[in-house]
Amino acid sequence: MDTITHGIAGALIGKSLFKGDDLFAGRPMNRQRIVTWATMLGAIFPDSDTFRDLFSHNDLLVITWHRSITHSLVCLPVFALLLAALTRLIARWRKWDAPSFIVLSGIYAAGILSHILLDLVTSFGTMVWSPLGWSRPAWDLIYIVDFTFTGILLVPQILAWVHERPDKSTRRALVSFMVFVLALFAVQKIADLVGAPISAPSVFLFFLILAAVFLLPLRSPKEISKLKPPESEQTNANEPPARYAVTRRRFNSAGLLCGVVYIALAVMAHHAALGRVKNFASSQKLEIQALGALPLPPSLWRWDGLVRTPRGVYELHMDLTQKSAFEATSNEAQRLPIEYRFYPEATPNVYIEAARELPAVRKVLWFDRFPVTRYREENGESVVEFADMRFAQVHTGHAAPFVYRVRFGPGGNVLSQGWAK
């Protein structure tokens, strides 16, 4: 999961489960704001391992180091205690009213745990048992960048801010709606660039949903005047009455529930997609070495089925809204042919064997779940490539990521090796 979504999820957890206040509330730092900051920072902390890239020229850190120690369930208590101690020191220095060390440790632990779990639901793999074990479990439920999921976590927090003060809700709602609509079109453009286009009907559907959640609940000026707090509650212009905090928490709690429901739907969709992949492998009588159903953006019903065999990798794109040949009657099956791609494994030779013995290639093959070896000759040089088909399917027209290339000279010496650009 991307770091921004992790931070949004952490803030939502702090507000809904621990009664946290808005991160940038227009009022002095208090205990409730520190709670939200702690869960948000805890939720993004594991991705701090990427800073090592700034001080290293090792381009394999993305697979050997990222999502390891800082993403470990074993190390989670240590990081939570250290972050809580640091927060207490800063709060004491700034004279802020902060939760106790024990409470802060639990809050940071919840934030870090949310990050680990949200990384596990993707297909990249997370070394949750490091340093005791270096396996990379992956649940293959949600694509690593899922704008729908991000929106589900973010919109309720914005709605809580919009309706915190009824006398300001109309202006806040209109501004928020326009910002989200602009973001929607930006996401559509990004999706086109990476080869995962969002259809016009889908964009229009998202537009209608945004209009419904932001504009339909708006009250008329007469209704707003009735909802203004009595003078006894208007003690501070910057501090909303306590009863508005209840409304804020309800929005955030609803957002957290919607996020959980989305993941539950992803579990169901993954089960259906995996069933289709198994049926495909059985119908083709494949010798299965590895099998999986991986999510494709931008929706829950688009999946990529992969089957690794000794001969190569089979890829089956699926749309769960459409009936598959395995679910159809005999007459329908004739009109629903099974469409798939096959990526053959290169015929073994001395260059491929030599490349496989390189330490860097061994690390790459340890990371790859659906590897395909390619071989070709260019200008008298022999080129061996190792591609993980997990990442090739959504980059149509672009260089696929995680393709490791080794180039040999005429005498069999290694001229270069590294990620293909």
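## The S1–S4 sheet

Let's start with an open sheet of 4 strands, running in the order S1-S2-S3-S4 with antiparallel pairing. Strand S1 (290–295) and strand S4 (341–344) sit at the edges with a single partner strand each, so one side of each has no neighbour in the sheet. From one strand to the next, the twist averages 20°. Bear in mind that this is a predicted model.

Inside this sheet, strand S2 (residues 302–309) and strand S3 (residues 312–319) pair in the antiparallel sense, with 8 bridges between them. Which residue of S3 does Thr-309 stand opposite? That would be Gly-312.

## The S5–S8 sheet and its helix

Further along the chain there's another open sheet, with 4 strands in the order S5-S6-S7-S8 and antiparallel pairing. Its edge strands are S5 (371–378) and S8 (414–419), and each of them pairs on one side only. Here the twist averages 15° from one strand to the next.

Strand S6 (residues 381–388) and strand S7 (residues 403–408) are joined by 6 bridges, again in the antiparallel sense. If you want a specific pair to look at, take Phe-386, whose bridge partner in S7 is Tyr-404. Helix H13 (residues 359–367) packs on this sheet and touches S5, S6, S7 and S8. The direction of H13 makes about 155° with that of S7.

## Where H1 meets H2

Now over to the N-terminal end of the chain. Helix H1 (residues 3–17) and helix H2 (residues 31–44) have axes that come within 7 Å and cross at roughly 145°. The crossing of H1 past H2 is right-handed.

Which residues make the contact? On the H1 side they are Thr-3, His-6, Gly-7, Gly-10, Ala-11, Gly-14 and Lys-15. H2 brings Val-35, Thr-36, Thr-39, Met-40, Ala-43 and Ile-44. Sorted by type, the residues of this contact come out as 5 nonpolar, 7 polar and 1 charged.

## The largest pocket

H1 turns up again in the lining of the largest pocket, which holds about 1300 Å³ of space. A total of 48 residues line this pocket, and the closest to its centre are Phe-147, Thr-148, Gly-151, Ile-152 and Phe-206.

Along with H1, the elements giving two or more residues to the lining are helix H6 (147–162), helix H7 (169–193), helix H8 (200–214) and helix H10 (242–283). Which element gives the largest share of the lining? H6 does, with 9 residues. As for chemistry, the lining of the largest pocket divides into 36 nonpolar, 9 polar and 3 charged residues.

## One cavity

How many cavities of 30 Å³ or more are there? The count comes to 1. The largest cavity contains about 50 Å³ of space.

Its lining is made up of Leu-141, Ile-142, Tyr-143, Asp-146, Tyr-262, Pro-295, Leu-296, Ser-299, Leu-300, Arg-302 and Trp-303. By type, that's 8 nonpolar, 1 polar and 2 charged. This takes us back to the opening sheet: Pro-295 and Arg-302 are among the lining residues, with S1 covering 290–295 and S2 covering residues 302–309. Tyr-262 is also one of the lining residues, and H10 (242–283) is one of the helices that line the largest pocket.

Notes:
Residues are numbered from 1 along each chain as its sequence is written. This is a predicted model: local features need pLDDT of at least 70, side-chain atom pairs count only at pLDDT 80 or more; totals for chains, interfaces and linings use all residues. Side-chain values use heavy atoms; hydrogens and water are left out. Two strands pair if DSSP finds at least two bridges between them. Axes are lines fitted to C-alpha atoms, for helices over the stretch in contact, and angles run from 0 to 180 degrees between N-to-C directions. Contact means heavy atoms within 4.5 Å. On a 1 Å grid over the protein atoms alone, a cavity is a set of points where a 1.4 Å probe fits but cannot get out, and a pocket is an open set with protein on both sides within 12 Å along at least five of seven lines; lining residues have an atom within 4 Å of a point. Grid points are joined across faces, edges and corners, and a volume is the space filled by probe spheres set on the points. Ala, Val, Leu, Ile, Met, Phe, Trp, Tyr, Cys and Pro count as nonpolar, Asp, Glu, Lys and Arg as charged, and the others, Gly among them, as polar. A crossing is left-handed if the near helix is turned anticlockwise from the far one by less than a right angle, and right-handed if clockwise.
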